[in-house]
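I sat down today to page through one protein model and jot down what I looked up. Here it is, so we can read along together.

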Amino acid sequence: MRYWKIFLIVTVLSVGLGLFSSYRMYGHKVETCEQCGISINPTFEVVFHLKDGTIKRYCCVNDALHAYREMADQVDWVAVTEQETGEKLNETNVIFVENDIVTCEPCGTRLHIFEAETHGGLFFEHRVDKYMKKFGGKIVDNPFLAAKKAFQEKQEKNQ
Ligand SMILES: [Zn+2]
Ligand SMILES: [Zn+2]
């Protein structure tokens, strides 16, 4: 009878400890968007690596672009998420596809991100063409370029 009690206590303690440590590992991992404050869906996350070493996270390309127009000069590089592999890639190495499928509901974002062409166009054809054949859409220019230009024009005007 006594052993059962000890067994029960040990079980309860270890389950509790397990829950607590998984809460610590994952509970704090939910990042919120710097721009709108919603919890970030990792599939569409955009991350700014600033020149001063800090990191800023956004829920989607739209919100990241809003921020980029204000602070492009502070950003070292932008990491976007490949929506099929979940990989974080430099914004200059991806293809942006726009269609009617919303990726971030609160922002109404309709941009989809795919890794750019790699081996003789194979990657491009397999991933982007396959996606567009299935879901429609068109390839659009990298919106970060336009945002950077908008930022620079505003700087010039303010001088
Ligand atoms: Zn946001
Ligand atoms: Zn968003």
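These are my entries, from the whole chain down to single residues.

**Entry 1: the whole chain**
I started by noting that this is a predicted model. I then looked up the secondary structure, and the protein chain has 4 helices and 7 strands. Reading along the sequence, I wrote the pattern down as α-β-β-α-β-β-β-β-α-β-α. Next I checked burial: of the 159 residues in the protein chain, 22% are buried. I also looked at contacts between residues at least 6 apart in sequence, and 55% of them join residues at least 24 apart.

**Entry 2: the sheet of 4 strands**
In what order do the strands of the open sheet of 4 strands stand? I found β2-β1-β3-β4, with antiparallel pairing. The edge strands are β2 and β4 (88–90), and each of them pairs on one side only. On average, neighbouring strands in this sheet are turned by 25° against each other, direction ignored.

I then followed β1 to its partners. β1 and β2 (residues 55–58) run antiparallel and are joined by 4 bridges. Their hairpin has 4 residues between the strands, and there Gly 53 takes a positive phi near 95°. β1 and β3 also run antiparallel, with 5 bridges between them.

Phe 48 was a nice residue to click on. Its bridge partner in β2 is Lys 56, and in β3 Phe 48 stands opposite Val 78. I looked up Val 47 too, and Val 47 stands opposite Ala 79 in β3. A reminder to myself for looking at such residues: in a regular strand the side chains alternate between the two faces of the sheet.

**Entry 3: the sheet of 3 strands**
The other open sheet I looked up has 3 strands in the order β6-β5-β7, and the pairing is antiparallel. Why is one side of β6 and of β7 (138–140) left without a neighbour in the sheet? Both stand at the edges with a single partner strand each, so one side of each has no neighbour there. Neighbouring strands of this sheet are turned by 40° against each other on average, direction ignored. I counted off the pairing of β5 with β7 as well: 3 bridges join these antiparallel strands. Val 97 has Ile 139 in β7 as its bridge partner.

**Entry 4: helix α2**
Where does α2 lie? It lies across β1, β2 and β3, and runs at about 175° to β3. Its buried residues are Val 61, Asn 62, Asp 63, Ala 64, Leu 65 and Tyr 68. What covers the buried residues of α2 includes β1, β2, β3, β6 and α4. My textbook note for this page: an α-helix has 3.6 residues a turn, so residues three or four places apart point the same way.

**Entry 5: the largest nonpolar core**
Which of the 25 residues in the largest nonpolar core touch the most other members? I listed Val 46, Cys 59, Cys 60, Val 61 and Ala 64. The elements giving two or more residues to this core are β1 (46–50), α2 (61–71), β3 (75–81), β5 (94–98), β6 (111–115) and α4 (143–158). α2 gives the most, with 4 residues.

I finished with Val 61. Leaving out residues up to four places away in sequence, Val 61 touches Val 46, Val 80, Thr 109, Leu 111 and Pro 143. Val 61 is also one of the buried residues of α2, which ties this page back to the helix entry.

Notes. Residues numbered from 1 in each chain as written. Chains lettered and ligands numbered in written order. Predicted model: local features only at pLDDT ≥ 70, side-chain atom pairs only at ≥ 80, totals over all residues. Core = buried A, V, L, I, M, F, W, Y, C linked by C-beta atoms within 7 Å. Buried ≥ 20, exposed ≤ 12 C-beta atoms within 10 Å, placed from the backbone. Contact = placed C-beta atoms within 7 Å. Pairing = 2+ DSSP bridges. Axes fitted to C-alpha atoms, helices over the stretch in contact; angles between N-to-C directions.
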